[in-house]
2 protein chains.
Amino acid sequence: MKRAQLASGVSIRRSLGEANADQLAAVKEVIGKVRAEGDDALLHYTQKWDGVELDDLHVSPEEMAAAVDRFDAQLLEDLAEAADNIRTYHQLQELQGFRHTNPNGSYMGQRVTPIRSAGLYVPGGTAAYPSSVLMNVIPAQVAGVKRIVLVSPPGKDGKLSDGVLAAAHILGIDEIYKVGGAQAIAALAYGTETIAPVDKITGPGNVFVALAKREVFGDVAIDMIAGPSEIAVIADDTAFADEVAADMLSQAEHDPMASAVLLTTSEELADKVAAEVVRQLQSLPRQSIAARSIADHGSIFIGETMDELINAANELAPEHLEIMAEGAESIADRIDNAGAIFIGRYSSEPVGDYFAGTNHVLPTNSTARFSSALSVYDFLKRTSIIHYSEQAWQENEAKIARLARLEGLEGHARAVESRSWKKEN
Amino acid sequence: MKRAQLASGVSIRRSLGEANADQLAAVKEVIGKVRAEGDDALLHYTQKWDGVELDDLHVSPEEMAAAVDRFDAQLLEDLAEAADNIRTYHQLQELQGFRHTNPNGSYMGQRVTPIRSAGLYVPGGTAAYPSSVLMNVIPAQVAGVKRIVLVSPPGKDGKLSDGVLAAAHILGIDEIYKVGGAQAIAALAYGTETIAPVDKITGPGNVFVALAKREVFGDVAIDMIAGPSEIAVIADDTAFADEVAADMLSQAEHDPMASAVLLTTSEELADKVAAEVVRQLQSLPRQSIAARSIADHGSIFIGETMDELINAANELAPEHLEIMAEGAESIADRIDNAGAIFIGRYSSEPVGDYFAGTNHVLPTNSTARFSSALSVYDFLKRTSIIHYSEQAWQENEAKIARLARLEGLEGHARAVESRSWKKEN
């Protein structure tokens, strides 16, 4: 783990690599083939890459019921409770329409409506996370999206994971297709005989999925392209080193590219956390991943004052920021840039990943400077409403025509004035 | 102008071309050079492409004052009144923070803060629109963005247009740089000696600007990449053909790629509008642009019923939709997908471009299915807040650990459980 003194003017951000040109070419080919050949292309790629020959891309009601039956009853209850918490939180995310009326009878407004359809990509294999289903579907449901589709690559047995289907079941999602990779993104964006296109695609995925989402962006909406997980911890000498280390490792175990950063005023804590990370790594099942993450992207920064730590956190703009320090709440108030802030010792980061109710889809790679957690707002759109009364037009026509002519747009001026041509006729 | 009967199942959307690979390569080179050489690269490209050698990229207070002095007093007043209207409308766009507290002492919240800095690109030459300055800057100001920067390419005289500077003056913007093209976008994204980087870049531009925005996307936020202007008009036999035609031409004059579409139940109106478009085109200063737009992208669709027109409008998801028909308001209520809806005869589209108060930066190319007008929300970000009390942790620790283990993330489970190790020690 790297260790450094914070210094003003030195960036502590990291920068991530560029996409691979071969991978991009492969993704473009897949998208082209799906657009041209539809379901045939989906079945072809599913055989090629998932190693299974399917007759039907649908998950049948029987498959769904069997998966739920097989699934552990206690875990089903845990997932349902998590879903309730997530729904409670997201229901507080309201976007108001409004109408502003003028005395001259004109009005301007904003109408808020849900997008019509959304597709959620769920990765396969060990990354088939039921929690991702909850975190992506619930905001869309709260927004009022009518059609929500789930796609995920089948295992070699031609099935999706019981956990993913159990989570979908809890949420009442029943339009589910067994297809993954760039081909699934293409199907959601452009449609096939079986899969009608959607207006927005969300959800995590491997590099091919991420590149495909970037490619179809504009034809459909996408969520952010998530980078590797990140955690930063602001801690002073009141923090417990084993807890700080465990939380850092919880992100490091995601990905060798994940980053875990400690920002502290305490040299003593820094020493203890460094030792604890090494100790806890020894027994971690995902040791090899976490060890690479810590070696390549783990850092401890020592600051003289809490102000320095706060500035560094704002510069880093981490996905997750934990604060385990005296006055944690007032420190949190001074953080502008972070995806999510976990305040106090008992707010370990996985609390937010699974259960508290906030969304675990968060901005990475310093984009918390301008991006935010996945939310209900992401599934809503706004339409501006303009009504000019005859009086409003009379009062303002000349001004509007002057401004249009200032910009050299005579046709704009004449359009507004065309209403007066009528009067003179 | 093309003319067709609406038919169900036939898409009336159009699709736009791909970016040119040579242009993209040129943009990447510019960005690389600006990152490597900073101001020198900016001055180099300004000499090369804008044909002017500058010592200083800043617009000085003296230049600003001189521009405002030269600017027409009546137009200054018109711009200021437009700015007031735009501010009044945008002040209604509120995004609420909240905090949800549980009886166990835990709370989850959402904190809303402005992004720290924003850069607005204003095109040069005939596309240096003062209205763009108002429409991009005011939402950022209402959001509370502290630093707002304006960049625009200088003319051969080394100056920016008086209109753009007058608009900036009205809004109190004084950090303005004379630099345009991809080099300006690179400077805003990565910074140079003179220009500190910003967190979000908005504003229209030519293909090089659009490609550069796409390239820097992720390192900074960008607004949508605007496509050619679009207008659709829903009209029945109560509409006046000359007004419909004038409004269609007001968008056609923007760009040969702009599209103007009439959706009507009236064959008679269709005939009259087609004739009026031809008649009005004859005297339009931007005739050649508008004529190409009408020939290539102008369409009249005839429907049997108003329902068909409404369905077609929702499928088209136009940037601007005018409704000049009996029951315009209730028709508007049934439109899900449109950037802005102009209700009734006096709500000519330029009313929204310049003056009514709504934003004229709107989603094009059918993206109104999932995108919305530029807004105050675009300059705000949200941070999730999670606080777990000791009691909340005790109640939920086992559930969270189970869910983490379901996903194979032992480190997550141990992080949450690490708090109990402490108690047992």
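Which side chain meets that of Glu243(B) in a salt bridge? In this predicted model, the partner is Arg345(B), and the N to O distance of the pair is 2.8 Å. The briefing below begins with that pair and other salt bridges, of which the structure holds 44 over all chains, and then turns to the interface of the two chains, a sheet, and one histidine.

**Salt bridges within a chain**

- The pair of Glu243(B) and Arg345(B) links distant parts of the chain, since Glu243(B) belongs to helix H9 (residues 241-252) of chain B, while Arg345(B) sits in the loop between strand E13 (340-343) and helix H14 (349-354) of chain B, 102 residues apart.
- The two partners can be described by their accessibility as well: Glu243(B) has a relative accessible area of 0% and is buried, whereas Arg345(B), with 21%, is partly exposed.
- In chain A, the side chains of Arg3(A) and Glu267(A) form a salt bridge with an N to O distance of 2.9 Å.
- Because Arg3(A) lies in strand E1 (residues 2-5) of chain A and Glu267(A) in helix H10 (residues 267-281) of chain A, this salt bridge ties together parts that are 264 residues apart in sequence.
- Arg3(A) is partly exposed at 38% relative accessibility, and Glu267(A) is partly exposed with a relative accessible area of 45%.

**Where chain A and chain B meet**

- The contact between the chains takes 120 residues from chain A and 120 residues from chain B, and the area buried between them is about 10600 Å², of which carbon and sulfur atoms give 55%.
- Between chain B and chain A the count is 16 salt bridges, and 67 residue pairs are in polar contact across the interface.
- On the side of chain B that touches chain A, helix H16 (residues 410-424) of chain B gives the most, with 11 residues.
- Arg369(A) forms a salt bridge with Asp199(B), with the closest N and O atoms 2.9 Å apart.
- This pair crosses between chains, from the loop between helix H14 (349-354) and strand E14 (380-387) of chain A, which holds Arg369(A), to the loop between helix H7 (181-190) and strand E7 (200-202) of chain B, which holds Asp199(B).
- Both Arg369(A) and Asp199(B) are buried.
- Arg369(B) and Asp199(A) also form a salt bridge, in which the closest N and O atoms are 2.9 Å apart.
- A network of salt bridges links Glu243(A), Asp247(A) and Arg345(A) with Arg419(B).

**A sheet with strands from both chains**

- An open sheet of 9 strands with mixed pairing runs in the order E2(A)-E3(A)-E14(A)-E13(B)-E12(B)-E9(B)-E10(B)-E11(B)-E1(B).
- Its edge strands, each of which pairs on one side only, are strand E2 (98-101) of chain A and strand E1 (2-5) of chain B, and the twist from one strand to the next averages 20°.
- Within this sheet, strand E9 (residues 230-235) and strand E12 (residues 320-324) of chain B run parallel and are joined by 5 bridges, with Ala235(B) standing opposite Met324(B) in E12(B).
- Helix H11 (residues 287-297) of chain B lies across E1, strand E10 (259-264) and strand E11 (298-302) of chain B, and runs at about 45° to E11(B).

**The surroundings of His387(B)**

- His387(B) is in strand E14 (residues 380-387) of chain B, and at 18% relative accessibility it counts as buried.
- A polar atom of the side chain of His387(B) lies 2.8 Å from the backbone oxygen of Ile343(A).
- Leaving aside residues up to four places away in sequence, His387(B) touches Ile343(A) and Ser347(A), as well as Gly105(B), Ser106(B), Tyr107(B) and Met108(B).

Technical notes: Residues are numbered from 1 along each chain as its sequence is written. Chains are lettered from A and ligands numbered from 1 in the order in which they are written. This is a predicted model: local features need pLDDT of at least 70, side-chain atom pairs count only at pLDDT 80 or more; totals for chains, interfaces and linings use all residues. Side-chain values use heavy atoms; hydrogens and water are left out. A salt bridge is a side-chain nitrogen of Lys or Arg within 4 Å of a carboxyl oxygen of Asp or Glu. Helices (H or I, at least four residues) and strands (E, at least two) are DSSP runs, numbered from the N terminus. Buried means under 20% relative accessible area, exposed over 50%, partly exposed in between (1.4 Å probe, protein chains only). Two strands pair if DSSP finds at least two bridges between them. Axes are lines fitted to C-alpha atoms, for helices over the stretch in contact, and angles run from 0 to 180 degrees between N-to-C directions. Contact means heavy atoms within 4.5 Å. A polar contact is a pair of N or O atoms within 3.5 Å; within protein, one must be able to donate a hydrogen and the other to accept it, and residues adjacent in sequence count only if both atoms are side-chain atoms. Buried area is the accessible area (1.4 Å probe) that two parts lose on being put together, summed over both.
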